[in-house]
Amino acid sequence: MLGVILALLIVPLAAGLACAILPGSAKLSPVVTATSGVACFGLVLALVPAAAHHDLSYLSYLRVDAVSAIFLLATGFLYAAVGIYSVGYIKHHGHDDRYARRFYAGFNLFGWAMLAAPLMSSLALLWIAVEITTIISALLVAIEDTDGAAEAAWKYVLIASAGLGLALLATVFAYFAGSQVLGEHYNLAIAPLIQHAAGLPRTPVRLAFVLALLGYGTKVGLFPVHTWLPDAHSEAPTPVSALLSGSLLAVSFYAILRYYQFTAVALGSGFPRDALLAFGVASLLLAALYLFGQRDIKRLLAYSSIEHMGILAIGVSFGAPVALAGVMLHVLAHAAAKANAFMGAGVFTVKYGTKQIATMRGALDLLPWSGPLFLLAIFALSAMPPSGIFRSEFEIVYGGLGSGHDAAAVVLVVLVTVAFLGLTTASTRMLFTPAPRSLSAAAALGRGEPSAWMVVPAVAGIAVLFVLGVHPPGELTDLISRAVAQLGAVR
Amino acid sequence: MDPVQAPGVYEGAANVIAAVMLLIEFGLLRQALVRDQVRLYMAQSALISVLAIVIAADRNLPDLYALAALSAALKVVAVPLVMRRLLARTDPGDGDEAQGVAGSQTLSPASAVLAGIVLAAIGFFCFGALKIHGPAAPALALALAAAMVLVAFGLMIVRRDVASQAIGFFSLENAISLAALVVASGLPLILETAFLFDLLVAVVVFTLLIRAQHNRSESLSTADLTRLRG
């Protein structure tokens with residue numbers, strides 16, 4: 001398996017560098033990107049059976065366990081799907097070769113950094129990988145070179161870097177706590193920290209967890225440190241928005257889960273769960289309310305991401321095995337659903353030439369594939385059966401009710417329902433309100449899809465959501481069970 | 001009550017350096033011109049390297065000598081050089097840059113310093129109360145580092161120009177380096193070096209974005225960045 005893990009680190013990096021420096025790479029980049037995406041997804045799939053049964057550790061700095069495999073799966077799938085989608089998106093976006101080259105290079109490097117983060121065996125390397133994702137994605141947010149993009153990129157890089165400053169401080173205190181038990185030469189490896197968590201000094205661990213929750217939480221988009229998120233998601237090129245939302249937020253949440261694992265053993269699970277519950281409910285409340293009245297389709301989806309990150313935090317706070325299984329499934333299902341919604345939004349923006357919801361009308365008629373696919377993605381995000389998100393949220397609520405968190409579970413259901421109303425109101429207007437005569441008469445708005453490249457990955461995403469909702473494969477169920485055991489191996 | 005003992009050389013040096021670094025942080029808060037802020041940042045970064053050398057000598061950790069050299073090369077030489085070139089490039093030549101940046105404070109200098117004192121007090125006393133200390137962790141220096149972190153956040157908030165906000169972030173990183181040296185001096189060199197490399201990449205990205213902002217609006221001010229509301 002070492003070969004597979006090394007290939008996962010090398011393939012997207014090589015693809016990014018090839019797109020950046022090879023002569024004539026503007027023509028080759030789409031092929032290189034799509035191939036690298038599909039190859040990486042294949043490599044991640046190859047890791048799943050092994051990670052479902054035992055932990056894989058290599059070269060003292062690489063490690064894959066069930067929890068990291070779940071996040072690798074989400075990122076691997078998105079990297080492949082959005083990579084293919086980008087081919088059509090960039091072709092129809094009317095940019096020059098220089099833009100295409102920079103976009104594809106950044107896109108592959110972004111994929112590389114997000115795949116690298118869950119592979120790291122130590123909290124320090126994890127921090128470095130997450131910091132690299134910030135740096136690359138900030139440049140990708142700025143790539144459009146508009147006033148909005150420059151403003152969003154600056155806000156993003158400043159707020160996220162400040163947040164990661166706190167996360168670095170968390171890493172320092174985690175080292176301090178670990179070195180009290182494991183000695184001065186402790187290298188911040190995650191596994192021994194969890195193994196010896198019971199003996200860790202309490203105050204530094206508490207401090208590390210709070211700083212990590214706030215620091216990495218900035219990148220997850222948890223309230224009140226979420227303010228960069230809607231801006232960056234709305235101003236970035238749509239494929240980048242899809243990766244930001246479906247994968248980057250989840251990778252940052254993965255970092256919080258790692259801190260949760262040893263904190264729950266060192267302090268008892270009460271403190272970290274209460275902290276996650278508070279941040280989760282606040283984020284969910286904010287997002288549910290802000291989903292009403294959004295005028296920009298990508299901002300609408302960005303607030304939906306904050307909602308779902310809130311749901312993840314609440315799910316972990318319930319602590320019950322079934323809720324944790326729901327959280328793991330939710331990471332995968334949300335990645336597929338949100339990427340699909342963003343891919344649909346990207347088709348809409350290409351078709352209508354705007355991001356404004358008020359201008360998008362009659363999409364179901366004008367876009368025979370993307371219209372229904374977007375509708376299905378919105379239904380999935382609203383947790384309608386038979387999507388994977390229905391199953392995952394059902395498990396989370398069930399786990400909450402079963403573990404005595406009745407009030408929090410009820411709040412979760414109420415706020416998810418409010419979010420559903422906000423999301424579907426805007427979507428219904430775009431999809432079902434007939435296009436005004438003046439709009440549909442315009443030549444650009446004839447019935448039809450801009451590109452098949454932008455439809456195929458969305459079909460794959462819906463298929464994944466359906467499979468996750470109806471009958472998740474046996475290997476995946478094993479993987480989730482093992483991840484739950486690793487996360488839930490705390491009292 | 002325990003009798004008060006004089007601190008050892010290492011502990012005394014760490015505490016003094018931390019206190020001077022906090023004072024420099026206040027200087028950054030007070031200083032109107034970015035050019036002078038860069039000088040203060042250099043001084044603050046040089047102190048980090050000095051502290052690394054003191055710890056290396058006191059605790060016999062040869063790795064830290066290398067770290068001190070790397071940190072000095074990056075933070076005392078490279079980052080200020082990049083910032084100065086950036087300022088020279090964005091200076092229209094008639095003193096506007098100095099004017100514009102001098103007007104970038106959202107609070108008057110006195111109010112900013114007062115706010116800084118409140119933040120520093122919160123950081124200092126909260127961390128002091130946690131009583132985190134080990135053989136290598138003087139509690140006072142750690143509390144001062146926490147105060148510095150909060151003042152650096154304050155600096156990023158009260159400035160309206162991108163260059164000062166970036167320097168606020170770099171000094172935040174200095175505060176974290178101070179905490180890391182005090183609490184985690186045994187951290188393997190490879191990881192410390194990776195942190196520094198990461199800072200270098202961040203500096204490059206900050207610089208690119210600052211230049212993009214200047215090319216777009218002919219100004220380093222963020223006063224016009226009000227289109228997006230979070």
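1. Let's start at one residue, in what is a predicted model. A145(B) has contacts with A18(B), A175(B), L178(B), A179(B) and V182(B), not counting its neighbours within four places in sequence. Try finding these residues in the structure above.

2. Where does A145(B) fit in the wider picture? Together with I70(A), A145(B) has the most contacts inside the largest nonpolar core, which has 292 residues. Helix α6(A) gives this core its largest share, 23 residues. As background, nonpolar side chains in soluble globular proteins tend to be buried together.

3. Now for how the two chains meet. Chain A puts 38 residues into the contact, and chain B puts in 34 residues. On the side of chain A that touches chain B, the elements giving two or more residues are α5 (123–142), α6 (147–182), α8 and α9 (228–235). Which of them gives the largest share? That is α6(A), with 21 residues. By type, this side of chain A divides into 23 nonpolar, 9 polar and 6 charged residues.

4. Helix α8(A) is a nice one to check by hand. Its 19 residues, 202–220, should span 27 Å at 1.5 Å a residue, and its end C-alpha atoms lie 25 Å apart, so the two values agree. Is α8(A) largely enclosed or open? Because 15 of its 19 residues are buried, α8(A) is largely enclosed by the rest of the structure. Just after the helix comes G221(A), with a positive phi near 95°.

5. Stepping back to chain A as a whole, you can count 20 helices and 2 strands. The radius of gyration of chain A is 21 Å, close to the 23 Å from the globule rule for 491 residues, so chain A is as compact as a globular protein of that length. Its C-alpha atoms fill a box of roughly 70 × 55 × 45 Å along the principal axes. Of the 491 residues, 66% count as buried. Among contacts in chain A between residues at least 6 apart in sequence, 81% join residues at least 24 apart.

6. Finally, a word on confidence. The predictor gives the complex an ipTM of 0.90 and a pTM of 0.94. Chain B has a mean pLDDT of 83, with 86% of its residues at 70 or more. Among the elements of chain B, helix α6 (residues 139–158) has the highest mean pLDDT, 92, and helix α4 (residues 96–102) the lowest, 48. Over residues 94–100 of chain B the pLDDT is below 50, and this stretch has 9 contacts in the model beyond near neighbours in sequence. Where pLDDT is low, the predicted coordinates should not be read in detail.

Key
Residues are numbered from 1 along each chain as its sequence is written. Chains are lettered from A and ligands numbered from 1 in the order in which they are written. This is a predicted model: local features need pLDDT of at least 70, side-chain atom pairs count only at pLDDT 80 or more; totals for chains, interfaces and linings use all residues. Helices (H or I, at least four residues) and strands (E, at least two) are DSSP runs, numbered from the N terminus. The expected span of a helix is 1.5 Å times one less than its number of residues. A residue is buried if 20 or more other C-beta atoms lie within 10 Å of its own, exposed if 12 or fewer, and partly exposed in between; C-beta atoms are placed from the backbone. The radius of gyration is taken over C-alpha atoms; the globule rule is 2.2 Å times the number of residues to the power 0.38. Two residues are in contact if their C-beta atoms, placed from the backbone, lie within 7 Å. Ala, Val, Leu, Ile, Met, Phe, Trp, Tyr, Cys and Pro count as nonpolar, Asp, Glu, Lys and Arg as charged, and the others, Gly among them, as polar. A nonpolar core is a set of buried Ala, Val, Leu, Ile, Met, Phe, Trp, Tyr and Cys residues joined through C-beta atoms within 7 Å. pLDDT is the predictor's confidence in each residue, from 0 to 100.
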